Amino acid sequence: MSQKLPDGSLRNALLTCAPWIFFIALLLAWEALCRIAELPTYVLPAPSVIVDAFFEVEMSRWLDHLWATLRVALMGFGLSIVISIPLAIFMMRSELLSRTLYPVLVVIQSTPVVAIAPLIIVMMGSGDSSRVLITCLLTFFPLVVSTATGINETPAELIELSRSLDAPTRRETWQIRIPYAIPHIFSGLKVAITLAIIGAVVAEFVAAEKGLGYFIQFSTSFFKIPQAFAGLFFLAAVSLLLFKCVQWTQQIFFAWSLPRKKS
Amino acid sequence: MKQHSERAFVRMDGVGHRYDPAPDAPMAVQNIDIEINRHEFVAVVGPSGCGKSTLLRMVSGLLVPSEGKVSVFGKQVSGPRDDVGIVFQKPTLLPWLSVRKNVLFPLKHKFGRYGREDEKRAQELLEMAGLQAFSEKMPDELSGGMQQRVGIVRALLLNPDILLMDEPFSALDAMTREQIGFDLLKIWDENPKTVLFITHSISEAVLLADRVLVMSKRPGSVLDLIDVDLPRPRSPETIKQPRFSELTDRIRKHIYEPEAA
C-alpha cells in the first residue's frame, strides 16, 4: 500500500470500517441528490422511500418470493457442482476427452443464456426444472475451468512421488490432485454462486409466477419503482450472503487453502 | 562381467537416453557406465541440462533408458520401484496435512492406510531430524530448511535402500544449507543408505560424498569419477584441509576447461 496508514489496531479498525463508511456515504449522497433535485420516484427513488416500500410489502410475501428464487439458485448451483467437478477431473485425465468436450463447453458458455432461456422454457415447461437448468448452464463453466486449472497446477514432483510409490491413479486423484485444486475450486464457487442468483432471476424474467426476479419485473410493469428497488436490494443482499457462505465454508473447513494472515 | 561387479549395488551399463524416440534426435545422456556400492554416498555435479536428473529418474525406475540397462542389486530396473526415496529441490509437502501426516503420506498413498507401528516410526524419524516439536504444525508454519528436513524424513519413511536427492538444498540460504548438509550426514550415518545426490555446488559435493561423479555438458556423459578420501565424520573443519581444495579444484577444472582435463 503506497498510502501510509496509522499502525496497529487503529489501522485494522479503519480497514474494517472503510467499506461501511463508504457505503453509508453513498446512500446519504443518493438521498441528498433525490431531495435537492426533487427527482420523481419513477426516475430515482430516494433510499428512504425504498425502505418504506420494503416494509409496505408483507414479510410473508417477501419470504415466499425469496424461497422461490433461492430454491432455484441453490438447486442449479448444486447440480452444477455435481456435474462440473467430476467433468473437470475426467477431462484432466484424458486428453481425448478434454479436446472433444472443451469446444462444446466454450460454445455453451458463449451463447447468451438470456437468448436460450425462452427456448428452454418452451421445451421443458415453466416448472422449477427449466429454471434450474438455466441456472446450471450459467454456473457450470467457471467451475469446470477453475477445477481444471487447479488440478493442472499440481506440482510435477508430487505426481512423480505418486508414480514412484506405484500408487493407484484413484489415490493420486483423491489424495493429491483434488486437494491441490481446492483453492481454485473455491474461486470458481464464489463466481458461480453469484451467477446462480443471476441465472434464477433471468429464468424468472422469462416465465415465473413467484420469485424476487418476478417481483422486480412485476413491480416495474406496474410502475411501482420504489418497490422494484426494494426487491433489487433484497436480491443483492441475498446474493452477498450466499457469497459469504461460500467464503465461510472455505474458512471453516479448508483454512489451509487460504493465504496465511500476517500478524 | 567384471570381477568386482558382484559388490555393485547400482549399476549402469552403457546407459543412454533420448527423450525424443526419433533415431537422429539428440541424446540427453550417453555412454554411462558406473557402479555404486551399497551405502555409498555419490554426488553428481555438472552443468545445467547435462542430464543429472535424467540419471536419477532412471535409477528410480520412473524413466526407462532407451539404451543400455540400469540394475539395482543385480536386477534390471524396468518400472517404478518402491525401495527408493526421493527428495526434490522444493520440499513439495502437502499444505493440507500436518508435518506428521506429511511424513506418513507415502504409506497412506501407497496402501491407503497406516498402522500404529508406522506412526511410531514417523515419530522416531522426526525426532532424529530434530522436528519432534513440530509434528502437529502445518508446513507453511515451518521455515524452508525445516520443510526440506520434513521432505527428507518423508523419503526415509518406507526405509528405502536408495535415497535419490535432486538438488535438495538449492532453494535454501547458504547457512541453512551447510547445517542441513551435516544433518543429512548424521541421518545417513544412523540409517545407512545408498545416496545419489545431485548438486550444483562443487564444495557441497566434496563435503558430503564418498565419490563425486562429474558430468559433461549435454549430451551428458561421465567426465570423471573422483574418490573423496577425506576422513569422516565430516565437519566444518573438513573444508580447511588442503585435500578439500585439491579435490574441488580438480572438479572445477572439468567444469571450466573441459578440454584440458
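## Strand 9 and its partners in chain B

In this predicted model, strand 3 (residues 41-45) and strand 9 of chain B run parallel and are joined by four bridges. One residue of strand 3 can be followed across the pairing: Val45(B) has Val214(B) as its bridge partner in strand 9.

Strand 9 of chain B also pairs with strand 10 (residues 222-227) of chain B, here in the antiparallel sense and over five bridges. Val214(B) takes part in this pairing too, with Asp224(B) of strand 10 as its bridge partner. Strand 9 and strand 10 of chain B make up a hairpin, and six residues lie between the two strands. Val214(B) is thus bridged to Val45(B) and to Asp224(B).

## Burial of strand 9

Strand 9 of chain B spans residues 211-215. The strand is mostly covered, with four of its five residues buried.

## Contact between chains B and A

The two chains touch: 19 residues of chain B are in contact with 16 residues of chain A. On the chain B side, the elements that give two or more residues are strand 6 (84-87) and helix 2 (99-111). Helix 2 of chain B supplies the largest share of that side, four residues.

Sorted by class, the side of chain B that touches chain A holds 10 nonpolar residues, four polar residues and five charged residues.

Definitions and conventions: Residues are numbered from 1 along each chain as its sequence is written. Chains are lettered from A and ligands numbered from 1 in the order in which they are written. This is a predicted model: local features need pLDDT of at least 70, side-chain atom pairs count only at pLDDT 80 or more; totals for chains, interfaces and linings use all residues. A residue is buried if 20 or more other C-beta atoms lie within 10 Å of its own, exposed if 12 or fewer, and partly exposed in between; C-beta atoms are placed from the backbone. Two strands pair if DSSP finds at least two bridges between them. Two residues are in contact if their C-beta atoms, placed from the backbone, lie within 7 Å. Ala, Val, Leu, Ile, Met, Phe, Trp, Tyr, Cys and Pro count as nonpolar, Asp, Glu, Lys and Arg as charged, and the others, Gly among them, as polar.
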